[in-house]
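Reader: I have a new model open at the bench and would like some help reading it. Could you walk me through a helix pair and some of the aromatic side chains?

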Amino acid sequence: PKTIQGKVRTMADPAQQKSMQEYEAALKAMQDGKFDKASDAFRKLIPQAPPEIAERARVYLDACNRQAAKQDRKFAGPEEQYDYAISLLNTGLYDEAREQLEAILAHEPQADYAFYGLSILESMTGQTEQCLEHLAQAISINPQNRIHARVDSDFQDMADDPRFTELLYPEVQ
């Protein structure tokens, strides 16, 4: 320790200083949108960094990986993108799933399966009005969606809503 006018000042551990510099460089790469570079830097930093820096680096590493995946993802077609959206939905990544389904509709406004996927997402997240609206669109484009929805367990939260029943069983009215 060095003293400055009677006060003790400790010098930071050189390894800790190095970790902090590497952390800041990785953070800058992330802020610049260089997610692959930032991911590599965070990944290298985690094993050697002090616990408080390592924990923050893990959080940022996860964010970088998600962003890099978004940038790099190319789909062979809308069906592959739909499959990816459903996998996101099944893992609870609802916002990401919605982005994928809406991207499909931006390119193919008559993609009944994307409307159907949105209706499932909205059923699962308690958005009743949007669920009914998107399911109605899916059915109007492809009436077979009515048959699928009748047996789809993802709509279990909608089963008690009379509007849902009317949509699926119009012949009963």
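**Aromatic side chains and a helix pair**

Author: Happy to help! Let's start with one side chain: in this predicted model, Tyr116 is buried, with a relative accessible area of 8%.

Reader: Which residue forms an aromatic pair with Tyr116, and is the pair stacked or edge-to-face?

Author: By the ring-centre rule, the count comes to 7 aromatic pairs. In one of them the centres lie 5.6 Å from each other with 85° between the planes. Planes over 60 degrees apart count as edge-to-face, so the pair of Tyr116 with Phe155 is edge-to-face.

Reader: Where in the chain do Tyr116 and Phe155 sit, and how many residues apart are they?

Author: Tyr116 belongs to helix 6, while Phe155 lies in the loop between helix 8 (144-151) and helix 9 (162-168). The pair thus links distant parts of the chain, 39 residues apart.

Reader: Is Phe155 buried or exposed?

Author: Its relative accessible area is 2%. Buried means under 20%, so Phe155 is buried.

Reader: How are helix 6 and helix 7 oriented to each other, roughly parallel or roughly antiparallel?

Author: Helix 6 (residues 112-124) packs with helix 7 (residues 128-141) at an angle of about 155°, and their axes are 8 Å apart. Angles over 145 degrees count as roughly antiparallel. Helix 6 and helix 7 are therefore roughly antiparallel.

Reader: How do the residues of the contact of helix 6 with helix 7 divide?

Author: Helix 6 contributes residues including Phe115, Tyr116 and Leu118, and helix 7 residues including His134, Leu135 and Ile141. The residues of this contact divide into 7 nonpolar, 5 polar and 2 charged.

Notes:
Residues numbered from 1 in each chain as written. Predicted model: local features only at pLDDT ≥ 70, side-chain atom pairs only at ≥ 80, totals over all residues. Heavy atoms only, no water. Axes fitted to C-alpha atoms, helices over the stretch in contact; angles between N-to-C directions. Helix = DSSP H or I, 4+ residues; strand = E, 2+ residues; numbered from the N terminus. Parallel < 35°, antiparallel > 145°, perpendicular 65-115°, else oblique. Contact = heavy atoms within 4.5 Å. Nonpolar A, V, L, I, M, F, W, Y, C, P; charged D, E, K, R; others polar. Phe/Tyr/Trp six-rings, centres within 6.5 Å; stacked < 30°, edge-to-face > 60°. Buried < 20%, exposed > 50% of the residue type's maximum accessible area, 1.4 Å probe, protein only.
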